[in-house]
Structures are given as structure tokens and as C-alpha cells.
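Hi,

Here is the structure I promised to pass on. Have a look at it first, and my notes follow underneath.

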Amino acid sequence: MELLVHGVGGTTPGEMLDDPRTVRVTGDGIAAVFRRTEDADAESRPADYRDRPVPEAYVWCNLTSGNGTRALWLLLLPFMVANLAHWMRPAAEGHRRAARLYGLLVRLAGLTLTVLLTAAACEVALDLAAWQCAGTRACAGRHSWLGFLAPAGPGAGWWSLPGRRLALAAAVPAALVGVLWYLSLRTWRTYESQRPMDREPEPDGRTALGRPGFWYGRRLVARLRAAHTAAGLLVVAAAVAAPAARFDHRPGGPALLDALGWLLQAALAACGVVVVTVVCRRGRGERRLDRRLDRRLVHRLPLAALALLLLALPYAGWARPGWASAGRLPLQHAFGGITLVQGALVIALAVVAHLLHRTGPDPRTAMRGLGGPAVAMLACALGSVMSGGVAQRVSDWLDGTGTSLAGPPVLLTWQASVIPPLLLVVLALAALLARGAWRAARAERAAVAADHPDGTDDPARTRRIATARAMAGLTDRVPLLVAVVSATTFVLGTGALAGAFATGRTPAHAAEGTYPFVHGAAQTAQALGSWLIGLGFILFVTFGRRAYKDASARRSIGILWDVGTFWPRAAHPFAPPCYAERAVPDLTWRMATWTRATGGRLVISGHSQGSVLAASAAWQLEPSARARVALLTYGSPLERLYGRWFPAYFGPAALASLHQEVDCWRNLYRLTDPIGGPVRLPGDSGPAVDRAPLKDPLAYGRTALHPLPSPILGHSDYQADPAFAEERERLLARLRPGVPAPRPDAGPGTVPVADGGTQGCAGRSSA
């Protein structure tokens with residue numbers, strides 16, 4: 001059998017099988033295996049397949065770019081980035097405690113993102129709308145929908161008291177937390193509940209990807225979902241109760257309400273400690289399928305937080321003579337505390353990652369093992385930008401004159417003000433990379449001439465080919481870009497936090513009385529930052545709305561999710577779901593049942609991200625079944641992206657073990673491909689896997705075989721190269737020296753396949 005797996009962006013079964021007439025043989029509308037119609041009854045005609053395999057196509061694109069609701073996953077981008085940081089841990093052979101500490105720190109960083117998002121929703125609904133605008137008659141008069149919340153006066157209603165306004169507005173952030181809980185629960189039932197094949201763990205497994213429970217994170221996601229849901233509800237309860245408690249704690253305040261306020265705050269703090277304990281308690285269990293669920297915890301923790309929120313509402317809504325809303329709610333310190341904790345977690349994460357990398361340094365590892373902390377920093381920055389953008393836009397919309405409201409917390413304005421200098425750094429780095437690419441393109445022209453000895457008499461075409469190679473090489477400069485952006489973000493974010501707490505005023509006001517240049521720069525940064533963050537928010541919403549309605553735009557988002565949601569949700573339960581927890585078990589079941597029923601062999605052929613799925617599925621097979629599988633990868637990011645950024649799972653040792661355990665592995669790549677690359681196995685294993693770079697274009701000029709100009713293919717259409725057919729036929733010939741009789745227990749969907757092979761795979765003997 002030949003099992004085809006497509007890559008990013010998706011395709012159709014007809015395109016994969018080169019036949020518009022296809023039939024689904026197993027699977028559903030989300031992910032399925034297809035055959036050509038003429039091969040549907042192949043089991044009844046074994047003689048017809050003596051010299052050719054039965055091709056099957058596994059189509060999984062709907063896992064990431066299905067219906068229009070997938071566009072809403074854009075809102076979960078910070079959670080997805082934080083989850084990626086968890087899997088970027090350096091290899092930690094023999095350092096289990098350090099590896100666990102790394103995972104713990106990332107989970108805590110993910111928890112701060114949930115708290116930040118909920119606090120931003122409270123800032124918009126409770127502070128800006130209910131406390132500031134509804135508490136100011138001029139602002140409430142401009143927005144008729146807030147009229148019934150206007151402060152005491154002629155026609156003031158029951159909801160005009162400050163605590164009741166806060167209690168009513170709490171429905172918005174509470175509903176947001178509820179929606180996140182529901183999305184996580186629904187996707188958990190669809191993705192995490194797909195059970196992989198149960199088998200005994202391999203004692204000498206070189207990678208965690210081969211552990212039976214790796215693609216079954218059901219228990220951890222359920223536990224984290226309960227903790228994050230409870231954390232969000234506790235933030236809402238604290239935002240509602242804290243202003244009332246502060247009023248009650250004043251000298252001469254009502255004793256009963258003061259005591260109730262202390263009790264409520266103590267209960268909120270105790271529940272918060274439980275939430276942090278649950279997040280810290282335990283990571284993933286991968287060595288076996290963990291079918292258990294902490295049902296009491298999963299149900300009772302969110303319900304306890306909800307009960308405290310329901311108690312906070314009447315407490316805040318109780319009538320308090322003399323209580324009026326003025327200024328801002330005390331959320332400034334909350335945002336500052338969240339930012340401070342996130343910075344401390346990133347620093348601790350960097351220390352642990354550095355220590356782990358030092359135990360077994362690999363020169364190919366991105367950023368010397370600091371990729372995870374850098375990406376965690378970017379996740380926190382994304383959360384801050386999205387929070388500040390929403391708050392700033394709502395504030396501008398509510399306060400049209402810019403004089404009636406105090407506005408969002410000063411820290412959010414400082415954070416927006418550091419965006420212009422950050423963009424200047426990014427532009428400078430982009431200019432340096434562009435200059436380097438231009439130099440690389442000039443240097444590549446000689447290599448292009450050497451690759452096409454028949455003649456390169458067209459300078460423009462030579463320049464295009466050389467430029468395509470140089471641009472593809474920019475992928476290897478991404479670690480530099482991430483390092484500079486994350487480090488600059490950390491420095492500027494630290495400065496913003498210090499400036500906000502030291503001055504208590506916006507940058508423009510804080511710079512008053514200084515040098516005119518400093519004052520002007522502060523004013524420009526603040527105004528430009530507010531404009532940029534608002535523009536980014538508008539573009540974000542616009543693209544999300546377009547993707548909701550447009551399938552092609554939704555596929556573009558799907559490409560982003562193809563890479564970002566490959567990994568299980570180990571750090572954040574509200575991240576987009578892991579499609580590999582469905583795709584990898586699908587492929588594993590298909591290959592295992594095939595080899596078990598026929599005793600035969602198969603070739604699994606993966607392009608781009610499909611090669612990552614194919615390798616992951618091969619690791620999940622029993623060793624005896626894995627030895628009957630040949631692997632053909634093309635345009636594969638296995639080493640170039642995954643090996644460098646996720647060294648603990650796709651490092652050199654893991655890829656070398658896969659090469660040793662499968663029957664044969666061949667890898668194809670082009671120098672013009674910005675995604676795929678060589679596997680780079682050490683020693684003699686490298687040439688055994690990697691073929692020399694394919695020519696791109698196939699012909700420099702017009703030839704008898706290519707009378708029209710050949711395009712530069714880059715990452716696509718590897719099947720158009722004759723080398724692909726050559727390597728494919730080589731693997732198939734290796735696996736089919738003869739066709740045995742069908743086994744008596746061969747079930748439906750199986751075809752007799754050769755039981756052995758004699759042709760070597762780059763010098764290796766058949767397993």
C-alpha cells in the first residue's frame with residue numbers, strides 16, 4: 001500500500017490520487033482515507049496489484065480550516081503561542097526534574113494569560129463602561145444604552161448605584177470565560193478524546209513522540225480547563241468585590257459589610273491558591289494511556305469559583321450611602337502585577353532552558369535552547385497588545401471628546417507607547433536581513449550556473465533563481481529575528497512597567513518639563529502607539545470577519561494553525577485544539593491494521609507538514625510494524641523547523657532512531673524551498689536519507705522535454721520532478737519482490753502485499 005499525506009493548506013483527494021473519481025473508505029467529514037473508485041474493491045482482485053500498490057490518500061485539512069467558526073481561533077493566538085513554548089524545551093536526557101520545572105513555568109505563564117485576558121474584559125466592561133462612562137452623566141448621555149445606569153439624579157434607576165452597575169457589567173467577562181470554557185470542552189470531546197492504540201512503552205525509546213500516551217492529553221486538558229475557568233471567574237469576582245470592599249474598609253464603614261468583604265476576599269484568595277496548586281501539581285502522563293479523569297476537581301473547582309462570583313454580586317450591589325464612582329477602578333495594580341509575574345516567569349524559564357541546553361548542546365538548536373523563553377515572551381506581549389488595543393479603542397469610542405473619562409490604566413498606555421520603537425528595531429533588522437539576502441542572491445548566481453551546465457545565458461532568469469534560493473534561506477534567519485524581537489520587547493516592556501509605576505502618568509505627561517526633544521518623542525510615541533494598536537485591532541477584526549465568510553482566507557489561517565496547533569494543549573487549555581491528536585492516531589491505526597492483517601509492508605509518503613504527521617505516526621507503531629514501513633518525505637520541515645525549534649522531540653537522536661527503525665527513509669528537498677530541507681542525520685546516515693537537492697526549475701531554458709519555460713516550484717509540486725517518481729519506485733520495488741497469498745484473517749480494506757524485500761536502501765539491508 002502507498003499512503004499519501006498532504007501538507008499545509010490542504011488539497012483534495014482527487015488531486016492527491018490524480019483521479020477525480022474517489023471514494024472514502026474510512027473516516028468522516030473531518031478527516032478520512034480515500035481511494036480511487038477503481039481501487040475500491042482491490043481486495044477481490046489481488047492479481048491486478050501484483051506490480052503496483054493500492055494508493056490511498058489521508059485528507060486532514062478540515063481539522064484546521066473547516067467551517068467559518070475556525071476564524072474565531074485568531075482570538076486565541078496568545079494561548080497558542082504560549083503552548084508552543086512548552087514544546088520548545090531543550091533535550092533533557094537524565095534531567096527529569098529540570099524538564100518538569102520547565103513545563104511548570106510555562107503552565108504558570110499560560111495561567112497569567114488567562115488572567116490578563118479576563119482582566120482586560122473587566123477593564124472594558126466594568127471600568128470603562130460601568131464605572132467611568134455610566135458614572136459620568138455627560139458620557140452616559142452620549143450613549144443612550146447606558147442611560148439606565150446613569151448616576152443618581154432625576155430619573156435615576158435601580159441600577160444607578162456603583163456596585164449594581166459593576167454587578168451587571170460582570171456578565172460580559174463572565175460570559176467570555178464561559179465561551180472559552182465551552183470551546184475548550186467541545187474541542188476536547190472532538191480531539192483529545194480520540195484514543196490512540198494501546199501498547200506497551202518501549203524501554204529504549206529515543207523520543208517522547210513514541211510513547212503510547214503522548215497523543216492522548218485528555219486528563220491534563222480537563223484539569224487545566226477547570227483551573228483556567230476558575231481563574232477567570234475569580235478575576236471577575238475580585239473586580240466586582242474589590243471596589244465595594246475598599247469602600248467598606250474605610251474608617252466608620254458598615255461593620256457587617258466590612259466583615260463580609262474580608263471573608264469574601266479571603267475565600268477568593270484561598271480558591272486562587274487552589275487554582276495555582278492544580279496548575280502546578282502535575283504535568284502530562286505519556287508513558288501509558290491515562291484514561292482517568294479528575295471528575296471531582298473538573299466539576300467542583302469551576303463551580304466553587306462561580307459560587308464566589310454569585311456571592312460577590314449581591315455584596316457589591318448592596319446600597320451604600322455616599323458611594324460614588326470616580327476616577328479609575330484599581331486595575332492599574334492588577335495589570336502591573338500580571339506584567340511583573342510574567343517577566344519573572346520568562347526570566348526563570350530562560351535560566352532553566354539555558355541549564356538544560358548546556359547538558360547536551362546541539363549547534364543546530366535555535367537560539368541555543370532559548371527559543372521557548374523567547375516565544376513565551378512573545379505570547380505575553382501579544383496578550384498585552386490585544387488587551388491594550390481593545391481597552392484603548394473602547395475608551396476612544398466611549399469618550400468622544402477625550403475629556404470626560406480617566407481612560408484605561410496608565411500601564412496600558414505605556415505599553416502602547418513602546419510599539420513604535422519596537423517597530424523601528426524590527427524595520428532595522430529587516431533591512432539587515434534584506435541586505436544579507438541580496439548578497440546571498442548575488443553569490444548564488446555562480447551556483448545556479450554550475451547546476452545548469454547546458455547554459456545560463458539569461459541574466460534575468462539566473463537572477464530570479466538565485467533570488468528564490470536566497471529568499472528560501474531567510475527561514476534559517478528566523479531565530480535571529482525572534483531573539484531580537486523578544487529581547488527588545490522584554491527591555492521595552494520593563495521600561496514601560498517602571499515608567500508607569502514611577503510616574504503614575506502617561507508618557508506624554510510624565511515627560512513634561514524635560515528637554516523638548518524628549519517631550520516631543522514621548523508625545524509622538526504615545527500618539528503613534530495608540531494609533532498603531534487601534535489599527536492593528538481593526539485589521540485583526542477585519543481579517544477575522546473575512547475569514548469567517550471566505551473559505552480561501554480561512555485556509556490561510558489554517559496554514560498558521562497547521563504549524564501552531566500540531567502540538568497537544570499542555571500549557572493552555574483555551575488554545576486552539578491539537579489536530580495531531582486526531583491525525584496521528586488515524587494514521588497509526590491505518591498502518592497498524594494493514595500490516596497486522598496482511599503481514600505486508602507499505603510506503604507512507606508525506607509532503608510538508610504531512611511528513612511530520614507521517615513520522616509521528618511511524619513512531620507510534622509497534623517496533624515490528626515500524627520495520628515494515630518505508631518513509632518518503634519531501635518538502636519536509638522535520639529538521640529545518642521542528643528539529644531546531646523542538647529539539648527534545650525532533651532532535652538528531654530522535655530522527656536517527658527513526659531512520660534505523662523503519663524499513664527505509666528517503667527525503668527530497670529543493671534549495672528554493674523556504675520550508676523543507678535536509679534531515680541532516682549524522683555520519684553515514686545522512687546520505688542514506690537525503691537525496692541531493694532537486695533541480696528547480698527542472699530546465700533552465702526551453703528544451704525538447706520542456707518546450708515552455710519551467711516554473712520555479714519552491715515548496716510545491718514535488719511530484720513534477722522525475723526524481724520523485726524514481727525514489728517512489730525504488731521504495732515500492734524494495735517492498736514488493738513477490739506477492740504472497742492473502743492471509744486467512746485479512747479483513748476488509750486490505751490488499752496482499754509483499755512479505756519481504758531485498759533491494760537495499762542506500763546501502764542498508766532489509767529489516
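Let's start with the cysteines: cysteine 133 and cysteine 139 are joined by a disulfide, with 1.9 Å from S to S. Bear in mind that this is a predicted model. The link between cysteine 133 and cysteine 139 is left-handed, at -90 degrees about the S-S bond. Both ends, cysteine 133 and cysteine 139, are buried. I searched the whole structure for disulfides, and one is what turned up.

You may wonder about other cysteines. Why is there no bond from cysteine 122 to cysteine 271? The sulfur in cysteine 271 is the closest cysteine sulfur to that of cysteine 122, but at 16 Å it is too far for a bond. Cysteine 122 has a relative accessible area of 1%, so it counts as buried. Cysteine 578 is a similar story: its closest cysteine sulfur belongs to cysteine 61, and 17 Å is too far for a bond. With a relative accessible area of 0%, cysteine 578 is buried too.

Back to the disulfide for a moment, since one of its cysteines has a neighbour to look at. Histidine 143 is in contact with Cys133, as well as with Trp397 and Leu398, if you leave aside residues within four places in sequence. You'll find histidine 143 in the loop between α4 (137–142) and α5. Is histidine 143 buried or exposed? Its relative accessibility is 9%, and anything under 20% counts as buried, so histidine 143 is buried.

Next, the interior. In soluble globular proteins, nonpolar side chains tend to be buried together. Here the largest nonpolar core has 158 residues, and those touching the most other members are Tyr58, Phe566, Trp567, Leu613 and Phe650. Helix α3 (residues 96–133) is the biggest giver to this core, with 19 residues. There is also a second, separate core of 14 residues, with Ala630, Cys664, Tyr669 and Leu731 among them.

Tryptophan 567 is worth clicking on. Leaving aside neighbours within four places in sequence, its contacts include Trp87, Phe214, Tyr642 and Phe650, and also Cys578, the buried cysteine from above.

Last, the outside. Phe148, Trp158, Trp159 and Leu168 make up a nonpolar patch on the surface, and together they have about 410 Å² of accessible area. Leucine 168 sits in helix α5 (residues 162–169). Its relative accessible area is 32%, so leucine 168 is partly exposed.

Shout if anything is unclear.

Cheers

Definitions and conventions:
Residues are numbered from 1 along each chain as its sequence is written. This is a predicted model: local features need pLDDT of at least 70, side-chain atom pairs count only at pLDDT 80 or more; totals for chains, interfaces and linings use all residues. Side-chain values use heavy atoms; hydrogens and water are left out. Patches are made of residues with over 30% relative accessible area and no salt bridge: like charges are joined within 9 Å, nonpolar side chains (Val, Leu, Ile, Met, Phe, Trp, Tyr) within 5 Å. Accessible areas come from the Shrake-Rupley method with a 1.4 Å probe; for residues, only the protein chains shown count as cover. A salt bridge is a side-chain nitrogen of Lys or Arg within 4 Å of a carboxyl oxygen of Asp or Glu. Helices (H or I, at least four residues) and strands (E, at least two) are DSSP runs, numbered from the N terminus. Buried means under 20% relative accessible area, exposed over 50%, partly exposed in between (1.4 Å probe, protein chains only). Contact means heavy atoms within 4.5 Å. A nonpolar core is a set of buried Ala, Val, Leu, Ile, Met, Phe, Trp, Tyr and Cys residues joined through side-chain atoms within 4.5 Å. A disulfide is a pair of cysteine sulfur atoms within 2.5 Å.
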